[in-house]
Amino acid sequence: MKKLFAILSVMAVFFLTSCKEPQNVEDPVLKLDEKAQTTYEVAAEGGAFEVAVSTNLDLQLSSNAAWIECAQSKAVETKKLSVKVQENKDYEPRTGVVTVKGGEKTIEITVVQAAAEVMTSGGVQTLVLYYTV
């Protein structure tokens, strides 16, 4: 009887310790800082800007346009995304998208760049053409 009691006691301890409450697992967070925008306008000369995001996820950055470069800081909770836009030598404005992905969450940031200006001299418009040979 003592052996049975000992076995039942060990089994009870095993079941009680194996039924612990699950540990708090943080919900995934990926959101733009309050001051951040979802669309940025950039001059034809190009430029750079930073976007702050709050996250507890590993981020992957990508752009759908070769003229937009993006990188991120190594901070833990608030990360700064650096976006650099090359000069637009075309006489048409252009638009690209930076995609910020963390786990299943995604943020898209639109970049709108102005067209290059047509130069004028004494009321005469001068058109400068750039080409590659």
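Which residue in E8 is the bridge partner of Tyr-40? It's Val-111, and the views below work outward from that pair.

**View 1. The whole predicted model, for orientation.** This is a predicted model, where local features need pLDDT of at least 70 and side-chain atom pairs count only at pLDDT 80 or more, while totals for chains, interfaces and linings use all residues. Residues are numbered from 1 along each chain as its sequence is written, and side-chain values use heavy atoms, with hydrogens and water left out. You get one helix and 10 strands, and the helix comes ahead of the strands when you read from the N terminus. Helices (H or I, at least four residues) and strands (E, at least two) are DSSP runs, numbered from the N terminus. About 10,300 Å² is exposed, with carbon and sulfur atoms supplying 55% of it; these areas come from the Shrake-Rupley method with a 1.4 Å probe, and for residues only the protein chains shown count as cover.

**View 2. Where to trust the coordinates.** The average pLDDT (the predictor's confidence in each residue, from 0 to 100) is 84, and 71% of the residues score at least 70. Strand E2 (residues 39-42) has the highest confidence, at 97, and strand E10 (residues 124-126) the lowest, at a mean of 62. Where pLDDT is low, don't read the predicted coordinates in detail.

**View 3. The mixed sheet around E8.** Four strands make an open sheet in the order E2-E8-E7-E4, with mixed pairing. E2 and strand E4 (60-63) sit at the edges with a single partner strand each, so one side of each has no neighbour in the sheet. Neighbouring strands here are turned by 20° against each other on average, direction ignored; the axes are lines fitted to C-alpha atoms (for helices, over the stretch in contact), and angles run from 0 to 180 degrees between N-to-C directions. E2 and E8 run parallel and are joined by four bridges, with Val-42 opposite Gln-113 in E8. Two strands count as paired if DSSP finds at least two bridges between them.

**View 4. The E7-E8 hairpin.** E7 and E8 pair in the antiparallel sense over nine bridges, and Val-97 stands opposite Thr-110 in E8. Two residues lie between the strands of this hairpin, where Gly-103 takes a positive phi near 60°.

**View 5. The core around Val-111.** The largest nonpolar core has 20 residues, and Phe-49, Val-51 and Val-111 have the most contacts inside it. Such a core is a set of buried Ala, Val, Leu, Ile, Met, Phe, Trp, Tyr and Cys residues joined through side-chain atoms within 4.5 Å. Leaving aside neighbours within four places in sequence, Val-111 is in contact (heavy atoms within 4.5 Å) with residues including Tyr-40, Val-42, Phe-49, Trp-67 and Ile-68.

**View 6. The antiparallel sheet and Ser-54.** Another open sheet has four strands in the order E1-E3-E6-E5, with antiparallel pairing. Its edge strands are E1 (30-32) and E5 (68-72), each pairing on one side only. Three bridges join E1 to strand E3 (residues 47-55), and Leu-32 stands opposite Val-53 in E3. Ser-54 also has its place in E3. Is Ser-54 buried or exposed? Neither quite: Ser-54 is partly exposed, because its relative accessible area is 21%, and the cut-offs are under 20% for buried, over 50% for exposed and partly exposed in between (1.4 Å probe, protein chains only). The C-alpha atoms of Ser-54 and Lys-79 are separated by 6.4 Å, though the two are 25 residues apart along the chain.
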